[in-house]
Amino acid sequence: KLLLDSLTRSAKHFNKSEVECLVNLFDTLVARASSHYAGVGFDRTVFRDTLYSAFGMTDDVVLDRVFSIFDKSNNGYITVVDWVEGLAVLLRGTLEEKMKYCFAVYDLNGDGYISREEMFQMLKNSLLIQPADEEPDEGVKDLVEIALKKMASTYLLVPFLLQDYDHDGKLSFADFEQAVRDEKLLLEAFGPCLPDIK
Amino acid sequence: IFSKASSSPEDVGESSSETEEDEQPVRYQEGSTELSAEYWGIQKLTKYVKGGDPTATVIALCSMRDLNLSQEACQLAIKDTGCLEVLINLLDTEEIKCQTGSLKILKEISQNILIRHAIADLGGLEIMVKILDSPDTDLKCLAAETIANVARFKRARKTVRQHGGIKRLVELLESISVGSSCQDEDTEIARCGALALWSCSKSPKNRKAIRKAGGIPLLARWLGCSHADILIPIVGTLQECASEPSYRLAIRTEGMIENLVKNLSSEHEELQMHCASAIFKCAEDEEIRDLVRKHEGLQPLSDLLDNSENKQLLAAVTGAIWKCAISRENVLKFQEYKTIETLVTLLTDQPEEVLINVIGALGECCQEQENRGTIRRCGGIAPLVKLLTATNRALLVNVNKAVGGCAMEPENMAIIDSLDGVRLLWSLLRNPNPDVQASAAWALCPCVENAKNSGEMVRSFVGGLELIVNLLKSNDKEVLTSVCAAIANIAKDQENLAVMTDHGVVPLLSKLANTNNNELRRHLAEAIAHCCMWGSNRVAFGEAKAVAPLARYLKAKDPLVHRATALALYQLSEDPNNCVIMHENEVVKLLLAMVGSTDDTLQEAAAGCIANIRRLALATEKAKYG
């Protein structure tokens with residue numbers, strides 16, 4: 001009971017009965033999980049399966065990152081607190097919370113920047129049709145440049161920061177946030193990581 | 001000519017006039033045949049949209065929006081590279097982000113007329129209408145706004161209707177119940193819906209469809225809102241629809257006039273303009289004219305005349321004043337507000353759209369004698385007479401009416417005459433347009449009546465009498481009626497009557513006798529009455545078989561017709577043969593009923609006519625029996 005109360009407070013977006021449902025779901029998942037975390041949490045595999053069946057998320061890279069974000073204590077399994085608080089953002093997060101979440105997903109190495117290489121990683125399977133006469137990855141590299149120019153472009157407007165920033169080729173959270181505020185569609189710019197409305 | 005207001009695609013004027021947009025637009029080829037930088041940029045981005053998954057597509061679409069989409073080169077590049085098709089195909093997917101991204105671009109570029117036509121050709125409208133069913137609010141708004149842009153030509157508007165678009169757009173107005181606070185999000189949906197309906201309402205069939213879909217009460221509800229953003233398209237729509245009597249009825253009964261009047265005092269000039277324009281269109285109905293006065297709308301209208309910079313606004317306001325002035329009580333109010341004085345100052349240096357309405361208003365104000373004097377004192381007569389040389393048909397019709405109105409005062413008449421006004425009016429009888437001819441003829445009536453040395457003046461117009469008599473051959477009822485009225489006046493001068501007789505006025509008038517139109521009957525009878533007073537015209541009318549038809553006029557329900565007919569019959573009855581015909585047509589019985597009339601003229605004429613007929617009958621009896 002104490003747990004429910006504290007969760008309801010920390011997760012903010014759910015009411016008590018909703019939290020209760022989520023906790024029950026959690027318990028079900030833990031029971032199903034046949035691992036040495038039994039009773040305490042469930043692992044990456046179970047997590048990915050769950051997200052796939054609940055939200056239709058399929059991208060491995062993304063799912064991995066989402067797991068890492070949920071797993072705040074970084075011990076390889078999801079606790080009930082991780083679970084409820086994580087879902088709070090996913091399902092009912094404010095724009096600020098979602099921006100932080102998505103940025104964290106895309107920041108593959110967690111260094112606070114989304115780099116060219118990271119963008120490449122996430123977009124490399126996005127071009128289904130490649131023109132025959134081009135090198136296979138040219139298109140994706142180009143797309144990465146386009147994205148960078150679009151989202152880091154705010155810095156082009158600030159003269160004293162010059163073009164050097166662009167040549168570093170990475171997006172800070174501030175860049176990302178500004179870009180998303182200008183154009184909401186870019187929230188999931190590098191791949192779907194939030195559940196669909198449908 | 002006017003600078004276009006931000007969201008209004010058409011200017012103030014006839015609502016049902018479809019503009020040049022409806023023809024297939026011509027592409028102006030620029031000198032250079034080199035493909036622009038925009039072309040290559042768009043082609044590249046299109047490649048990623050076509051070949052990418054939704055994630056790549058969204059990135060490419062967002063990047064595309066950084067290009068200068070309001071520039072024509074860019075817009076045309078989107079069309080020429082085939083990107084437009086791709087954008088439209090995206091709309092047909094179920095990917096909300098892709099649909100949104102695509103619509104954001106389409107909304108911008110559909111400002112371009114070529115793009116609009118292309119979007120319609122590619123079947124984009126049908127898909128956008130389907131999107132109106134989406135649960136995603138942003139998407140619905142974008143779809144509606146884009147439809148608003150594309151539906152600026154007839155064919156597009158038809159397509160929207162044929163695919164059930166009108167009903168769905170009306171549903172967007174249902175968003176919430178409007179209290180005194182309109183929630184932002186709901187207002188936004190309604191605003192976009194209203195924008196689209198505004199564009200669509202330019203077609204008469206769409207106006208009907210809006211009504212059938214229950215749009216009117218919703219429009220009325222939103223009219224009570226106070227956000228200018230949504231008020232402008234709502235009033236814009238109402239203004240377009242106000243040309244339909246069914247809408248005017250609803251505007252009356254749903255209490256919309258009060259809100260329209262209230263918003264005349266808005267700080268947004270565009271909103272003021274549309275309100276004035278709506279009133280302009282509605283004030284065709286007497287009840288609405290009364291409502292405008294009752295809700296104290298005449299004063300704000302009059303005040304708005306001071307804003308002479310905004311020509312579109314001025315045109316709408318003067319139009320509203322014009323139509324409101326049809327009612328005498330309103331004219332009296334305008335007198336209080338010194339509106340007439342202000343209107344006279346607007347007789348010079350104004351664009352035609354404004355002039356037409358100003359002069360229309362002055363013409364209506366002339367129904368009050370005091371105003372005829374005011375116009376003169378403010379120096380309004382000279383500019384009016386000058387405009388008799390204009391070429392714009394609508395302007396001429398109003399000028400004629402105004403000049404005619406002024407001419408009812410002898411003092412004014414002197415000025416008009418000195419400025420050659422009567423000759424100018426007379427030459428307008430030669431104008432090919434029947435409305436101009438008729439209004440000129442009407443105006444000539446008071447001129448001929450009030451001018452000094454009227455008979456001589458008329459004679460001085462070379463070929464003038466022949467001209468006006470020949471107008472009796474016209475096919476236009478209004479022309480015929482007005483010319484008869486004028487001839488009745490002209491015939492009061494014996495010499496002129498003689499000339500007209502030479503030109504065949506008697507047979508021409510007689511040919512018109514078989515009509516059921518009471519207006520025409522009245523003035524025709526008056527003309528005949530006056531034309532009897534020369535030579536053997538009475539006999540000639542009888543021979544031309546005018547008497548029997550005239551007798552039938554007595555069966556009409558219009559007392560003015562009775563009066564004129566009685567006058568004519570009285571004159572005609574001086575000839576015995578006519579008496580016989582009248583007797584055969586039971587004139588005595590009909591006239592007897594009128595002998596007790598309160599109208600002195602009618603009474604006398606009826607009595608005189610009966611007396612003549614009886615006298616003849618008596619004489620015939622006497623002759624028979626010795």
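**Exercise 1. Describe residues 94–129 of chain A, then set residues 58–93 beside them.**

Solution. Start with the stretch 94–129 of chain A: 56% of it is helix and 8% is strand, and its end C-alpha atoms are 36 Å apart. Helices here are DSSP runs of H or I with at least four residues, strands are runs of E with at least two, and both are numbered from the N terminus. Next, take residues 58–93 of chain A, with 67% helix, 0% strand and 21 Å between the end C-alpha atoms. Finally, look at the record: an unreviewed UniProt entry annotates both spans as "domain: EF-hand". UniProt positions are given in the numbering used here, feature names are shortened, and such annotations may be inferred rather than shown by experiment.

A word on the model: it is predicted, local features need pLDDT of at least 70, side-chain atom pairs count only at pLDDT 80 or more, and totals for chains, interfaces and linings use all residues. Residues are numbered from 1 along each chain as its sequence is written, chains are lettered from A and ligands numbered from 1 in the order in which they are written, and side-chain values use heavy atoms, without hydrogens and water.

**Exercise 2. Find which residues of helix α40 of chain B are buried, and what covers them.**

Solution. First, list the buried residues of α40(B), which spans 587–594: Val587(B), Val588(B), Leu590(B), Leu591(B) and Met594(B). Buried means under 20% relative accessible area, exposed over 50%, and partly exposed in between (1.4 Å probe, protein chains only). Second, check their directions from the helix axis to the C-beta atoms: they cover an arc of only 165°, so they lie on the same side of α40(B). Third, turn to the face away from this buried side, where Lys589(B) and Ala593(B) are exposed. Last, look for the cover, which includes α37 (547–553), α38 (559–572), α39 (576–584) and α41 (600–625) of chain B, with contact meaning heavy atoms within 4.5 Å.

**Exercise 3. Classify the ring pair of Phe103(A) and Phe176(A).**

Solution. Begin with the rule: rings of Phe, Tyr and Trp (its six-membered ring) pair if their centres lie within 6.5 Å; planes under 30 degrees apart are stacked, over 60 edge-to-face, and the rest tilted. Over all chains, the structure holds nine aromatic pairs. In this one the centres are 5.7 Å apart and the planes stand at 55°, so the pair is tilted. Now place the partners: Phe103(A) is in α6 (residues 95–106) and Phe176(A) in α10 (residues 173–182), 73 residues apart. Both are buried, Phe103(A) at 6% relative accessible area and Phe176(A) at 0%.
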